[in-house]
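Please open the structure in your viewer and keep the sequence beside it. The tour below proceeds by selections, each followed by an account of what is found there.

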Amino acid sequence: MNKIKIGWSEVDITPKKGTKISLAGQFFERITDEVESPVCVTAFALESGDDQMIICACDLVSIGVNLVEMVKENVKDKIDISTDKIIISAIHTHTSYSYRSQSFADYKMQKMGIKSGNSLQYLREVLPEDMAYQPLVSNEQCMSGEDALTFLVEKISLAIVNAWNNRKPAYYQNAFGRAVVGMNRRVCYDDGSAKMWGDVNKANFKELEAGNDSGIELIYTYDENKELTGVIANIACPSQVVEHRSYISSDYWGKVKENLRNKFGRDIMVLGLCSAAGDQCPRDMIRWVEPESYIDDPNIKREKVIERRADPSMFDVSGLRLVGKRISNEIISVFEELGDDFKDEGLLNHETVILSLPLRRVTIAEYENAIEQIDKFIDKNRGRRISFEDNAAMHVYAGTINRYKVQQLINTVEIEVHIARFGDVAFATNPFELFLDYGNQIRARSFAKQTFLIQLACGTAGYLPTEKAENGSHYSAYVSSGCVGHVGGDILVRETLERINKKFN
């Protein structure tokens, strides 16, 4: 018999009043102690038969490989299961902690005893001292990246241990809903180029690069008395409505939780999982609605903006409320139609796989062009401190140079992937901001009745664009935007499908 036990836990990670943190997710510095909504770690523990799975959803932008390793080390003697059964994911909010985080490439090079660094670190190294970008707020005035890492390890570990210790006999129902949340954010033009956040009000605008997925994969959990205890929801959109703002926020998931708790009670748990959505956003690029207040981001600025009858600003709290309402209303509506088909057992087969994917390389011509562009920038701007706009503009070239150096030393990146079957549901993770097309390929060919895809899980490896996106270029498709390209994306799809489908034969 595969009788199930389920445990839930939620741990608050909101900084104490007066503690300022650096927010992650933009190229410019944002230091704050202002809270729009609390941020937390939610953990869901599942046991069935001889197998187990723990899934954490963290209100963070990404999950560093070092964070995963430190959490596993911290909990290994506190729970009586293998730490290979732990999945740690991020909702990809841009209004939470910046902490000392390592990518898979950096982590691999460190293990080899080779110093590596990201593109912005490289940019700081090559610029003359009198040009280097100076942070607005010193480390003495806010939590350091190292302290933030230590704090997050402690809190995530606590959520995992509590969820595991809280498990009890339970029931569940899996279901499906639909709400429009994510939309494609890459704009294609008639010369073959593409641009993230590109202006569509141009004669050269041709199409959006890909589609969107309005489906919501759902699991409702219940206690022994068949009272609702929690909801797992898998949505193909990062949690980044207010990504440019300078306050702490769990973004739209905070509004979803608030709405569901108003309906079902304060003890209801919500595990928000981000599906393949590297090229998705909560904004309608066609019916563009301006931010309610100024945003200092050159990619967002528009000329001759036409007023639209459309959504409220998806850069502001008004947008958060609407997205949260759409999701929570659908979760409630589906719940009310479920009936009494409660299940208290389900086969659980969970495996952890280390996949070796080819490192995306730059050509010699790209490398030499990047050096030339940075040299020109230095000559033109010598004698002044660079701004965050300069940081963003030079990021692609610094990243190209850094990748050229890295590819002389390593050829592959090893990533951690989890594949699980639970009843007629499949779970599959990846550490990327995975473009939607890859997720569609997996879902379309999966033998499972439902497939939950969890990106930004168990490490970070940047964007994984499609071949079309690489050809169109721009941010998210630059070589400096991620460790792996479309060749590795195809391997990820094939390997994921093979392992899912073996479990359902």
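The stops that follow visit sheets, helices and salt bridges in turn. Please bear in mind throughout that this is a predicted model.

**Stop 1: the sheet around strand 1**

Begin by selecting strands 6, 5, 4, 1 and 7. These 5 strands form an open sheet in the order 6-5-4-1-7, and the pairing is mixed. Which strands stand at the edges? They are strand 6 (86-90) and strand 7, each with a single partner strand, so one side of each has no neighbour in the sheet.

Now restrict the selection to strand 1 (residues 4-12) and strand 4 (residues 40-48), which pair in the antiparallel sense over 9 bridges. Two pairs of residues allow the pairing to be followed by eye. I4 stands opposite S48 in strand 4, while D12 has C40 as its bridge partner in strand 4. Strands of a sheet pair through backbone hydrogen bonds, either parallel or antiparallel.

Next, add strand 7 (residues 168-169), which pairs with strand 1 in the antiparallel sense over 2 bridges. Here I6 is the residue to find, as it stands opposite K168 in strand 7.

**Stop 2: from strand 1 to helix 5**

Keep strand 1 in view and select E10 together with K257. The two form a salt bridge, with their closest N and O atoms 3.7 Å apart. This pair links distant parts of the chain: K257 belongs to helix 5 (residues 251-264) and E10 to strand 1, 247 residues apart. Are the two partners buried or exposed? K257 is buried, because its relative accessible area is 10% and the limit for a buried residue is under 20%. E10, at 31% relative accessibility, counts as partly exposed.

**Stop 3: a sheet of 3 strands**

Select strands 10, 11 and 12. They make up an open sheet of 3 strands in the order 11-10-12, with antiparallel pairing. Strand 11 (194-196) and strand 12 are the edge strands, and each pairs on one side only. On average, neighbouring strands of this sheet are turned by 30 degrees against each other, direction ignored. Strand 10 and strand 11 pair over 3 bridges; to locate the pairing, find C188, which stands opposite A194 in strand 11.

Then show the side chains of R186 and E209, which meet in a salt bridge at 2.8 Å, N to O. R186 lies in strand 10 (residues 186-189), and E209 lies in the loop between strand 12 (205-208) and strand 13 (215-222), so the pair ties together parts that are 23 residues apart in sequence. R186 counts as buried at 0% relative accessibility, and E209 is buried as well, with a relative accessible area of 7%.

**Stop 4: helix 6**

Select helix 6 (residues 317-336). Its 20 residues should span 28 Å at 1.5 Å a residue, and the end C-alpha atoms are indeed 28 Å apart. Many side chains may be coloured here: the buried residues include V317, L320, V323, I327, I331 and V334. What do the buried residues of helix 6 pack against? Their partners are strand 8 (171-178), strand 13, strand 14 (228-235) and helix 5.

**Stop 5: helix 7**

Move on to helix 7 (residues 364-381). Its 18 residues should span 26 Å at 1.5 Å a residue, which agrees with the 26 Å between its end C-alpha atoms. Colour Y367, A370, I374, F377, I378 and N381, which are buried. These residues cover an arc of only 100 degrees around the axis, which puts them on the same side of helix 7. An α-helix has 3.6 residues a turn, so residues three or four places apart point the same way.

Turn the view to the face of helix 7 directed away from its buried side, where I364, A365, D379 and K380 are exposed. After helix 7 comes G383, whose phi is positive, near 100 degrees.

**Stop 6: helix 11**

Finally, select E495 and R499, which form a salt bridge with the closest N and O atoms 2.4 Å apart. Both lie in helix 11 (residues 486-504); being 4 residues apart, they are separated by about one helical turn. E495 counts as partly exposed at 24% relative accessibility, and R499 counts as partly exposed at 23%. In the whole structure, a search finds 26 salt bridges.

Methods:
Residues numbered from 1 in each chain as written. Predicted model: local features only at pLDDT ≥ 70, side-chain atom pairs only at ≥ 80, totals over all residues. Heavy atoms only, no water. Expected span 1.5 Å × (residues − 1). Buried < 20%, exposed > 50% of the residue type's maximum accessible area, 1.4 Å probe, protein only. Arc of directions from axis to C-beta. Pairing = 2+ DSSP bridges. Salt bridge = Lys/Arg side-chain N within 4 Å of Asp/Glu carboxyl O. Axes fitted to C-alpha atoms, helices over the stretch in contact; angles between N-to-C directions. Contact = heavy atoms within 4.5 Å.
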